[in-house]
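Got your viewer open and a free hand on the mouse? Follow along, and at each stop select what is named before reading on.

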Amino acid sequence: MGKTLAEKILRDKSQTDAMAGDIVLATVDLVFVQDTTGPLTIKQFEDSGFAAIAEPEKVAIFLDHAAPSPSQQTSNDHILLRHFARETNCHIYDVGNGICHQLVAELFANPGDIIVGADSHTVTAGALCAFATGMGSTDIAIAMALGKTWFRVPETFLINLIGSFSKGVYAKDLILYLIGQLGADGATYKALEFGGESLAGLNMSQRLTIANMAVEAGAKVGLFPSDEITQGFLSSQGRSASYKPLYPDADANYERIMSINLSQLEPMVSFPHSVDNVHSARDAKGIKIQQVFIGTCTNGRLEDLAVAASILQGKRRYPDTRLLIAPSSRQVLLQAIEKGYIHSLVEAGAVILPPGCAACLGLHQGVLGDGEACLSTANRNFKGRMGNPKAMLYLASPATAAASAITGEITDPREVIID
Amino acid sequence: MPETVLKGKAIKLGDNVSTDDIIPGRFAHLRSNLPELSKHIFEDLVPDFASRVHQGDFLVAGGNFGLGSSREHAPLVIKMSGIAAILAKSAARIFFRNAINQGLPVLLCDTAQINDGDQLEINLTEGVITNLTSNSRLTSTKIPPLMFAILKEGGLIPYIKKHKDFEL
Ligand code: SF4
């Protein structure tokens, strides 16, 4: 019988038949932690009794979640992580390099790889056809020690994409719509696989946004086939040699097949306090917001800043609405400077935060006050997520975020985009 | 998993309890100080949790328990609070794996049959839950043998120390 993308990758890395439902042991190509899950990983690694990590060149540490550190405790965690990197010879990306998932896409993820990270949005690298999934610190510690881990081969939902986006509608609107359809646990333990005629028109930035949020429907991975878009992205990162085409078999077995026509989508907004509480931006009209945050592993890429800059250029943010922007990596920041986006955004009243998670987790750089509302381009709006359980979090695309920064209330970007 | 039969009281929670509900992300700076971190368990969702929980109690939740972050501190602080097992209608996959890796049993069953404060007896080997208050029985979904083996050793670290590798 034919195989899905998830089954193919797990087959190759486990040397077994790897059909949905099987438990397999598979080798891993990258194991990583970030600064809030890394310290416990190190403790568990030390407790496990292993003397060394299996392959240091396949292990990476990212200091991104609380970076630069906002507290003594975090600074001490950073010291611990730097020390571990020195001792074990693994990679470390210190403060200012960017968000782990963006750096994994830029530097590491290859089609057919297995990537495990101590962060739930590890699924992001599925955009490059890597079987990438989040785990906890103990699993990651043991994957570092052994160079492999166990997986239950997931059943797959195929999401067929047809048509193309209309003006003002983006990948974020698609994935919010899909999560609204599936529900926050609609794909628990499953692989989401994206296919269909629209793929050729979805660039890597859009694919990363979509794969990133697969976990918000409970999915284990969100996979795109490896095609010309993948090849183009890899060569733009100087990694053309890593390209290989990878597609599911025509007779692969899917547990569920869904079809989405991109041309019928409109700008979407997730309402508090759940990602699957999805409404159209039209219906959200008039909701006042005190902060707009554009960034994160979901929507902090160059294309996202380009959209925001094009909407905000020559305009000003609403006086009572703060506008925070965090590029997802140093490379993104540099390119956004070169292209003049940063200039337009700062002129419009934006505060540029260092590449990293910034306000996303509620640790620093934009914690909300009681009763405040924030429109964010992130992937999660759980109660308390941005540091205050008395705040309201809305999620939307960078275009909706930028349009809303101008008006001070949630605004359908189609109202402000001029052709 | 030193005991295979557990007895305790149910503390009932709703659906979609996230890892941010269990231990909010804003306390990430305390993650290397577990005794301090654990004081903030369920701070936003169940502010009186610490005074309600007793050693050996069970958390009884609805669907999608533990969704969100991969932070293993979530099952860790639950375990530190004295909770002996989690019963849920369904659980998010990273949380499920993390809890087992910490030696904290998670049983998936029809939790609508259990009320807050019910006395329960859980047979982990058989996956059977007896509700002593309502005099009824529930069966939980079987977990894969590898996960059960990890649970039986008390978590992934003791499992790996003993076996040196995963044994399928
Ligand atoms: S940007 Fe937000 S969601 Fe992404 S890794 Fe950082 S904290 Fe997590």
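**First stop: a histidine in a loop**

Select A:His65 and show what surrounds it: leaving aside neighbours within four places in sequence, A:His65 is in contact with A:Gln34, A:Asp35, A:Thr36, A:Cys100, A:Asp119, A:Cys357, A:Leu361, A:Leu363 and A:His364. Bear in mind as you click around that this is a predicted model. Now zoom in on A:Gln34, whose side chain shares a polar contact of 3.3 Å with the side chain of A:His65. Turn on the cartoon and you'll find A:His65 in the loop that runs between strand E3 (59–62) and helix H3 (72–88) of chain A. Is A:His65 buried or exposed? Buried: its relative accessible area is 8%, and the cut-off for that word is under 20%.

**Second stop: a valine in another loop**

Next, pick A:Val123, in the loop between strand E5 (114–117) and strand E6 (131–134) of chain A. This one is buried too, with a relative accessible area of 1%. Which residues does A:Val123 touch, not counting those up to four places away in sequence? Light up A:Ala132, A:Thr133, A:Ala211, A:Asn212, A:Val215, A:Ala219, A:Lys220, A:Val221 and A:Gly222. Try the distance tool on A:Val221: its C-alpha is 5.3 Å from that of A:Val123, though 98 residues separate the two in sequence.

**Third stop: a covered helix**

Stay in chain A and select residues 398–407, which make up helix H13. Most of H13(A) is covered, with 9 of its 10 residues buried. Those buried residues are A:Pro398, A:Ala399, A:Thr400, A:Ala401, A:Ala402, A:Ala403, A:Ser404, A:Ala405 and A:Ile406. To see what does the covering, add chain A elements including strand E12 (268–270), strand E14 (291–294), helix H9 (296–299), helix H10 (302–312), strand E15 (322–325) and strand E17 (373–376). Then step along to A:Gly408, which follows H13(A) and has a positive phi, near 80 degrees.

**Fourth stop: where the chains meet**

Colour the two chains differently. Here 40 residues of chain B are in contact with 47 residues of chain A. Together the chains bury about 3800 Å², 60% of it on carbon and sulfur atoms. On the chain B side, select B:Arg93, B:Arg97 and B:Ile157: they lose the most area to chain A, together 19% of what that side buries.

How many salt bridges are there between chain B and chain A? The count is 3. To look at a salt bridge, show the side chains of B:Arg97 and A:Asp139, which come to 2.8 Å, N to O. There are also 18 residue pairs in polar contact between the chains, counting pairs with both residues at pLDDT 80 or more. Helices H4 (73–80), H5 (93–101), H6 (145–152) and H7 (156–163) of chain B each bring at least two residues to the side that touches chain A. H5(B) gives the largest share, 6 residues. Sorted by class, this side of chain B has 16 nonpolar, 13 polar and 11 charged residues.

**Last stop: one side of a helix**

Finish on H7(B), whose buried residues are B:Leu156, B:Ile157, B:Tyr159 and B:Ile160. These four lie on the same side of H7(B), because they cover an arc of only 160 degrees around the axis. They pack against helix H2 (38–48) and helix H5 (137–146) of chain A, along with H5 and H6 of chain B. Just past the end of H7(B), B:Lys164 has a positive phi of about 70 degrees.

Key: Residues numbered from 1 in each chain as written. Chains lettered and ligands numbered in written order. Heavy atoms only, no water. Contact = heavy atoms within 4.5 Å. Buried area = accessible area lost by both parts, 1.4 Å probe. Salt bridge = Lys/Arg side-chain N within 4 Å of Asp/Glu carboxyl O. Polar contact = N/O pair within 3.5 Å; in protein donor to acceptor, adjacent residues only side chain to side chain. Nonpolar A, V, L, I, M, F, W, Y, C, P; charged D, E, K, R; others polar. Buried < 20%, exposed > 50% of the residue type's maximum accessible area, 1.4 Å probe, protein only. Arc of directions from axis to C-beta.
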